[in-house]
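The following note is intended for a colleague who has not yet examined this model. Please read the points with the structure at hand.

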Amino acid sequence: MADRRSRSISSRKQPQQARSSGLVAAILDAAVQVLAKEGAQRFTTARVAERAGVSVGSLYQYFPNKTAILFRLQSDEWRRTSELLRGILADAAKPPLARLRALVHAFIRSECEEAAIRVALSDAAPLYRDAPEAQDARAAGEGIVAVFMREALPKATDATRILAGELITATLSDVGKSFSEETRSETEIAVYADAMADMFCAYLATLRHC
């Protein structure tokens with residue numbers, strides 16, 4: 001019943017003091033634990049509050065419903081992904097294909113390290129994937145890739161760059177999720193990432209000479 005209080009997916013307010021920040025951090029940490037253990041279908045604000053050791057009322061000061069908590073977890077994941085993209089793809093000291101290879105390795109390793117929470121968040125995506133906040137978050141990542149594609153394919157048409165960016169990001173996301181569904185060793189991750197990077201680099205090299 002409490003989860004139907006509001007349809008908002010945004011946090012109710014931002015913590016202003018260290019104590020409030022600590023409370024929000026405890027709630028989010030508990031949310032990750034509940035989500036990983038119970039899955040999206042059994043995820044509730046009551047379970048999160050109990051795991052965090054706070055009252056449901058305290059939780060509602062910052063998150064109006066369970067969707068807001070899930071979206072905050074997803075937003076944090078998107079932010080980390082955007083920082084990963086920007087930190088690697090914007091490194092002008094390295095050639096574009098070397099950056100792409102580094103990104104593939106970093107992304108696949110990240111997928112494997114956070115597989116449980118990513119799968120659970122994927123299951124929860126229907127709750128917020130069409131919200132404006134979700135669209136803005138996705139657009140940020142797409143913008144980083146678009147800038148990289150202009151540098152990697154300077155002579156290609158805009159349509160070719162867009163298609164290349166979409167193919168690479170979609171493949172990386174879908175295949176990375178599938179690969180991380182099983183526990184992988186460091187050697188398996190490295191070999192798989194190398195193979196995927198070879199494929200992407202060969203694709204961009206072909207487009208460069210078209």
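Which side chain meets that of R109 in a salt bridge? The first point gives the reply.

1. The side chain of E186 is the partner of R109, with a separation of 3.4 Å from N to O. A salt bridge here requires a side-chain nitrogen of Lys or Arg within 4 Å of a carboxyl oxygen of Asp or Glu. Because R109 belongs to helix α5 and E186 to helix α9 (residues 186-208), the pair ties together parts that are 77 residues apart in sequence. R109 is partly exposed, at 26% relative accessibility; the classes are buried for under 20% relative accessible area, exposed for over 50%, and partly exposed in between (1.4 Å probe, protein chains only).

2. On the basis of the note: this is a predicted model, in which local features need pLDDT of at least 70 and side-chain atom pairs count only at pLDDT 80 or more, while totals for chains, interfaces and linings use all residues. Residues are numbered from 1 along each chain as its sequence is written, and side-chain values use heavy atoms, with hydrogens and water left out.

3. On the overall fold: the protein contains nine helices and zero strands, where helices (H or I, at least four residues) and strands (E, at least two) are DSSP runs numbered from the N terminus. The C-alpha trace spans about 60 × 35 × 30 Å along its principal axes. Of the 210 residues, 40% count as buried. Contacts (heavy atoms within 4.5 Å) were examined between residues at least 6 apart in sequence, and 72% of these join residues at least 24 apart.

4. On a second link to helix α5: E151 forms a salt bridge with R99, and their closest N and O atoms are 2.6 Å apart. This pair connects distant parts of the chain, with E151 in helix α7 (residues 132-152), R99 in helix α5 (residues 96-113), and their positions 52 residues apart. R99 counts as buried at 1% relative accessibility, whereas E151 is partly exposed at 40%.

5. On a pair within one helix: R79 and E83 meet through their side chains in a salt bridge of 3.5 Å, N to O. Both residues lie in helix α4 (residues 66-89), four residues apart, which is about one turn of the helix. R79 is partly exposed at 41% relative accessibility, and E83 is partly exposed with a relative accessible area of 43%.

6. On the total: the structure holds ten salt bridges, among them the R109 and E186 pair.
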